[in-house]
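Q: Hi! Could you walk me through this one?

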Amino acid sequence: MSALGQRLRLGAPAALVPLGAVAVAAAVGAGVMLAAGVNPLLGYEAMFRGALSVSNIDFAVAGFTAILAMSLAFAIPARMGEYNLGGDGQLVAGGIAAAAVALYVPGPAALLLPLCVVAGMLAGGTLASVSAPLSTRAGVPVIISTLLLSTPAVALTSYLVRFPMAQEGSPVPQTPRLPDAAHLPAFPGMSYTNAGLVLVLAVLLVTVYVDARTPVGYEVRVAGANRGFAAYGGLSVPRLTLGTLAAAGAVAGLAGAVIVMSQPFRFIDDALTAPGYTFAGVAAALLAGGRPALLPVTAALFTILSVGSAGMERDVDVPRQLGQVLQAVVILVLALRVLATRWIAARARRAAGGRA
Amino acid sequence: MTGSTAVGSAAGGAPPAAELRGITKRFGPVLAVDGVDLALERGTVHAVVGENGAGKSTLMSVLYGLHRPDAGQVLRDGREVRLGSPLDAIAAGLGMVHQHFRLFGSLTVAENVVYRAEPARFGVLDRRAAQERVAELSARIGLDVDPTARVDTLPLGVRQRVEILKALHRRAEVLILDEPTAVLTPGEVDSLFVVVRRMAEQGTTVALVTHKVREVLEVTDRVTVLRDGVVTARLTTAQTTAGEIVEAMIGRGLVPAVNPRGAVRGDPVLEVDGLRMPAAPGASRVQDVSLRVSAGEVVGIAGVSGNGQRELVEAVVGLRRPESGGVRLHGRDLAGLGVRERRRLGIAYVPEDRQGMGTAASLSVADNLALGHHRTPPIGRRGRLSPRALRAQAAELVRRLGVKTAGVAVPVSSLSGGNAQKVVLARELHHEAPLLVVEQPTQGVDVGAGEEIHRLLLDVRSRGGAVLLVSYEITELRALADRVLVMLDGAVTAELDAAEATEEVLGAAMVQAGRAGSPAGSASGGGER
């Protein structure tokens, strides 16, 4: 059998499962709509129109940018078997840092734009990095420490925009509007779609490259496959953990910076976390199944689900929560896939007759 | 002795306890077993031998209802039985002890033994009856097991006894043991064989699946040899020789690789001085070990598993920090250096724990072959990694060592034990490091592949490499080593030249080590990995 044939054989079911998950979710959604007395075709059409019609695409792309960034923030450490669930904290840390630089550091756009972006990435990266020594020295699992560190970070930014950084006289907890020099340049004719998309796509390209074409990417994969093997080969698992978490936090921080540097150019309390970018990103990363190059596709899907469901609510009166339900169904089916793979592996092992 | 067994009952006399007729089984394009006949006569120990992939495990899986054959029949006491699942097989009086035990670690021995056939009172498990039943069964066949012990606290050898008791409790009359000695220390192997003989005397029929010829000669009555899914020999143990069995297994005579001795000898490469490590959970102590390995020399470490060999090796390669004492490579002190630095200075290492350390089973053969080479040309160059060079190097190494694999892109988990071990060796030999540390190089490896691995290690020696070889197999040490050190409870208790290290002398030292504690099982202590 040729190597290509082999790859196709092994690859086919692996690709079918995520597609199947989406199909099952779509079917469940259709069932819910039917039960609610809505024609599913019209419902889905409204959902797609809500995300992709000419009037909505601008806003949808901004959502896509955030979800893609958050899917990277989850996917990078997941490559070595560590799960970053602290995206919300890293997101707001990046957002507040970028807002602080924009509000308190005067300067021209050429200086302020990169400074804000870097500050956001540093803040998110630093917060995520804390979980690395917690895991490698103190034995606290990354999945737990990232999640637990997220809540205080969100609370702290919430305090900051209510008191020290608050816009005086505003009924909403938010910072003043950032100076013009800190506004990310938008695409012509767009107001939400801006340079942030380019930045996140660049990060995606770097990630794909590092994963496939550098020794570090190889080491991360090795550590993800077998820690004992990595240590035996002389790889530093603590350093790899720190590196992937710092990178993940930096991407999340970038997403936060991009959001506050876009319309309406403020850090508004809750505005970064309420849309659920973090978990849409987690879902997109899970659906991509550890293949960074697939992230744009899965992130786009989850963007349509989350942004489009508002349009669906408006047009056909199906609650927007259906979008979240569909996201959850996709994840559930993927979880079942783990069971299915185990079952298939067990069968294969038996088929091989326990040959060592 | 030949085809007549296939007719079984027609030959007159009692029918075999279990019989397979014309069994054929394919997996996709692979014909695993092709028209095999096998008759297990009541009360005999019947060896089913062959190399990995010869079809012996598949055949036993058919007998135990794990696989349905594509053609052929299974007979119990001369009557055909249809086995849809292991539950059917158990009901038909068949039992199997798998290589990987299927026990509940958090339950007691008695609870495991009676699982699915519990003595109950008022619908509740009757613990005392269960314990009595276990005590009675173990007394009958001479197994020493505490019915109240939690299974996860027991050494592997004892867990295996629990599996045997479980099968007997379910009234298995035909017991299949799949590679039962793979996980055992030499002492545990001896006591297992005593139990096997006792069971046979009491009328239990035992099928022993193995690839170790020595075991076949030691404990069985009959031998069926498989190669590439067909029977290549049916022998009576008392009338055959190791050579005859091996030839049937690998299809050619075997010329064992033997150290020519006395030739090349160079400067000291590895020097260990006064190495000490305290005992820790899961680790044995090391007491004042000093040794030296020179260029062109193979130094063997003998001893029962769990007497400090692993800790010594890990201190040498940098995975474990010694309490005191020094390790020097080419005269340079390695104190404070990690694995990466030591590897760079010239240490290659083939670990005993192939699954946990030596390979990443889910990664491809190519990725497994690249570890440690991924930052040096041609694979790694200036912070970049060339997937093409990685595959090319893998293909070259696979070709050079004759690794049998469907390609370099398939995961290592799809390889047999011997071929996975060749992957580890290929990667480590490719470093061309002055010092090669090897643990149990032929564990779980076919006879044929084992012989090739021995030749590769002797090649290292003849090229002037220094080899530190840890093995629990006396024959392996005798074949390969120039000098042998015996370790007991973390200390080197004997140092022998190859000429003095006869089987008797070494065996005595190791048996002494094995019996120094209590019965065979507990001697392994922290030796499990």
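A: Sure, let's start in chain A: A:Gly87, A:Asp88 and A:Leu91 of helix 4 meet A:Tyr277, A:Thr278 and A:Gly281 of helix 12. Contact here puts the C-beta atoms, placed from the backbone, within 7 Å. Helices are DSSP runs (H or I, at least four residues), strands are E runs of at least two, and both are numbered from the N terminus.

Q: Is this a predicted or an experimental model, and how is it numbered?
A: It is a predicted model, where local features need pLDDT of at least 70, side-chain atom pairs count only at pLDDT 80 or more, and totals for chains, interfaces and linings use all residues. Residues are numbered from 1 along each chain as its sequence is written, with chains lettered from A and ligands numbered from 1 in the order in which they are written.

Q: Back to helix 4 and helix 12 of chain A, at what angle do they cross?
A: Roughly 125°, with the axes of helix 4 (residues 87-104) of chain A and helix 12 (residues 277-288) of chain A coming within 8 Å. Axes are lines fitted to C-alpha atoms, for helices over the stretch in contact, and angles run from 0 to 180 degrees between N-to-C directions. That makes helix 4 of chain A oblique to helix 12 of chain A (under 35 degrees is roughly parallel, over 145 roughly antiparallel, 65 to 115 roughly perpendicular, the rest oblique).

Q: Which helix does helix 2 of chain A pack with?
A: Helix 2 (residues 40-52) of chain A packs with helix 13 (residues 295-316) of chain A at about 115°, their axes 6 Å apart. By class, that contact has 10 nonpolar, six polar and two charged residues. Ala, Val, Leu, Ile, Met, Phe, Trp, Tyr, Cys and Pro count as nonpolar, Asp, Glu, Lys and Arg as charged, and the others, Gly among them, as polar.

Q: New topic: how many residues does each chain give to the contact between A and B?
A: Chain B gives 41 residues and chain A gives 24. On the chain B side, helix 1 (56-63), helix 10 (339-345), helix 11 (354-358) and strand 20 (384-385) each give two or more. That side divides into 16 nonpolar, 20 polar and five charged residues.

Q: And what helices and strands does chain B have?
A: There are 18 helices and 24 strands in chain B. Its C-alpha atoms fill a box of roughly 70 × 50 × 45 Å along the principal axes.

Q: Nice, and which domains?
A: Domain 1 (3-250) and domain 2 (268-346 + 433-527) of chain B, with bounds from an automatic or database domain assignment. Their C-alpha centres lie 34 Å apart.

Methods:
Two residues are in contact if their C-beta atoms, placed from the backbone, lie within 7 Å.
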